[in-house]
Amino acid sequence: MTSEQLAWKICRHDVEMTHVSGGSHIGAVLSVADIMGVLYADVLHFRPEEPKWDGRDRFVLSKGHAGGALYAALAEQGFFPVEELLTYYRNESRLSGHVSHKVPGVDVSTGSLGHGLGMAVGMAIAAKQDKKTHRVFVVLGDGECNEGSVWEAAQAAVNYQLDNLVAIVDHNHMQSLDFCERTLSSAPMARKWAGFGWNVMEVDGHDHAALRAAMTSSRQGIPTVIVAHTIKGHRIPFMEQDILWHYRFPHTGWEYDCAVNALHGCKPAGAEDPYTPNGIESPVLPDENADIFRDHTMGATYEPAWFRLQEVTK
Ligand SMILES: Cc1ncc(C[n+]2csc(CCOP(=O)(O)OP(=O)(O)O)c2C)c(N)n1
Ligand SMILES: [Mg+2]
């Protein structure tokens with residue numbers, strides 16, 4: 001399977017998974033789907049039939065709320081049946097809403113932001129001490145980079161000269177309620193990592209050739225970070241850069257129908273849709289009252305007066 005096909009399938013599975021379960025984070029999945037597609041089609045070394053194979057590259061999805069993207073990649077690569085994806089977010093399912101290490105192919109659970117880079121640093125140190133040649137990859141969110149623990153781990157990675165470590169920042173400028181720059185800005189992202197001593201590469205996070213080239217390069221004695229410029233909600237225009245789709249799932253009606261058909265409009269040759277093979281023939285369309293193309297960010301509605309302390313009088 002090509003990386004383009006895998007990335008598209010991640011998007012299609014996740015529209016179905018969030019629709020069926022009423023679960024979250026479709027915007028975050030669509031943002032990272034190309035990164036995951038390139039990693040799992042072309043870059044990482046693994047054996048689906050032997051998930052704990054010692055020679056495997058290690059992978060940590062530190063922005064663990066996008067676990068649906070990882071589950072879909074693992075299922076498509078044969079770690080477990082693709083049909084199981086539809087148990088996502090359900091009670092009793094091992095496909096919990098945030099990444100679970102109980103899933104074959106997953107080494108560590110994530111979801112509490114700010115921990116993945118530290119774990120990846122530990123894995124990279126261990127690999128060096130044991131003279132192993134596998135590499136360690138970790139994907140972080142840009143909002144996640146507000147966590148101080150990220151920068152503590154960033155210093156450690158340079159201190160221990162972890163050139164077997166590659167961090168990828170999914171730089172979509174959004175977090176759960178607003179734009180990063182209106183919440184707690186990490187700008188300029190690339191220069192911050194460079195200041196910490198990392199080998200920094202900046203790429204279009206939806207350009208597979210650029211991602212592949214960056215992921216397979218390294219510099220001796222220095223960890224590499226790829227600042228991947230992405231669009232949250234990528235591939236589904238009404239979800240793109242609309243914060244609503246951080247938590248909202250595609251509801252029955254125009255939301256689901258238009259999401260599916262948007263994906264069919266960019267389906268690469270050879271990618272099969274297991275749910276709606278030909279798209280949706282007579283899709284429900286949004287009417288003039290539909291909640292679409294509006295600014296749903298916290299910043300759009302934030303009114304400082306709400307939070308002003310009342311004057312206390314005796
Ligand atoms: C420690 C911690 N604090 C808060 C949250 C709640 N939370 C879930 S997703 C999210 C936003 C993350 O934004 P970003 O890292 O930019 O990821 P994106 O969804 O944009 O890819 C937050 C704050 C969390 N999961 N963990
Ligand atoms: Mg973000």
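## An exposed lysine in a loop

Let's start on the outside of this predicted model. Lysine 131 counts as exposed because it has just 6 C-beta neighbours inside 10 Å, and the cut-off for that class is 12 or fewer. Lysine 131 belongs to the loop that links helix 4 with strand 2. Its backbone deserves a look too: phi is positive, at about 55°, although the residue is not a glycine.

Most residues other than glycine have a negative phi. Histidine 173 is another residue with a positive phi, here about 65°, and again it is not a glycine. Is histidine 173 buried or exposed? With 20 C-beta neighbours inside 10 Å, histidine 173 counts as buried, because the class begins at 20. This histidine lies in the loop between strand 3 and helix 6.

## A cis peptide bond

The loop between strand 3 and helix 6 (189–195) also holds proline 188. The peptide bond leading from alanine 187 into proline 188 is cis, and its omega is near -5°. For context, most peptide bonds are trans.

## The sheet

Now to the strands. Five of them form an open sheet with parallel pairing, in the order 1-2-3-5-4. Strand 1 and strand 4 (199–204) stand at the edges; each has a single partner strand, so one side of each lacks a neighbour in the sheet. From one strand to the next, the twist averages 20°.

Beginning at one edge, strand 1 pairs with strand 2 (residues 136–141) in the parallel sense over four bridges. Arginine 58 is found opposite valine 136 of strand 2. In a regular strand the side chains alternate between the two faces of the sheet. Both faces of strand 1 (residues 58–61) are covered: Arg58 and Val60 are buried on one side, and Phe59 and Leu61 are buried on the other.

Further along, strand 3 (residues 165–171) and strand 5 (residues 224–229) are parallel partners joined by six bridges. Alanine 167 stands opposite valine 225 in strand 5, and valine 169 has valine 227 as its bridge partner there. Strand 4 is also joined to strand 5 by six bridges, and these two strands run parallel. Which residue of strand 5 is the bridge partner of glutamate 202? It is valine 227, the residue that also serves as bridge partner to valine 169. Five of the six residues of strand 5 are buried, so this strand is largely enclosed by the rest of the structure.

Helix 4 (residues 116–129) lies across strand 1, strand 2 and strand 3. The helix runs at about 170° to strand 2.

## The nonpolar core

The largest nonpolar core has 84 residues. Within this core, Ile10, Met36, Ala69 and Ile226 have the most contacts. Which helix gives the most to the core? That is helix 2 (residues 26–43), with twelve residues.

Isoleucine 10 makes a good viewpoint here. Leaving aside residues up to four places away in sequence, it touches Val29, Ala33, Met36, Gly37, Ala69, Ala72 and Ala73. Alanine 72, one of these partners, sits in helix 3 (residues 67–76) and counts as buried because it has 29 C-beta neighbours inside 10 Å. With the sequence neighbours left out in the same way, alanine 72 touches Lys9, Ile10, His13, Asp14 and Leu85. Between the C-alpha atoms of alanine 72 and glycine 270, which are 198 residues apart along the chain, the separation is 17 Å.

Valine 38 has its place in helix 2. Valine 38 is buried because 29 other C-beta atoms lie within 10 Å. Apart from residues up to four places away in sequence, valine 38 touches Ser3, Val43, His208, Leu211, Arg212 and Met215. Valine 38 and valine 158 are 120 residues apart in sequence, and 26 Å apart in space from C-alpha to C-alpha.

## Around the ligand

To finish, turn to ligand 1. How many residues surround it? The shell has 19 residues, the closest being Ala28, Gly141, Gly143, Glu144 and Gln175. By class, this shell around ligand 1 is made up of eleven polar, five charged and three nonpolar residues.

How values were computed: Residues numbered from 1 in each chain as written. Chains lettered and ligands numbered in written order. Predicted model: local features only at pLDDT ≥ 70, side-chain atom pairs only at ≥ 80, totals over all residues. Near = placed C-beta within 6 Å. Nonpolar A, V, L, I, M, F, W, Y, C, P; charged D, E, K, R; others polar. Core = buried A, V, L, I, M, F, W, Y, C linked by C-beta atoms within 7 Å. Contact = placed C-beta atoms within 7 Å. Pairing = 2+ DSSP bridges. Axes fitted to C-alpha atoms, helices over the stretch in contact; angles between N-to-C directions.
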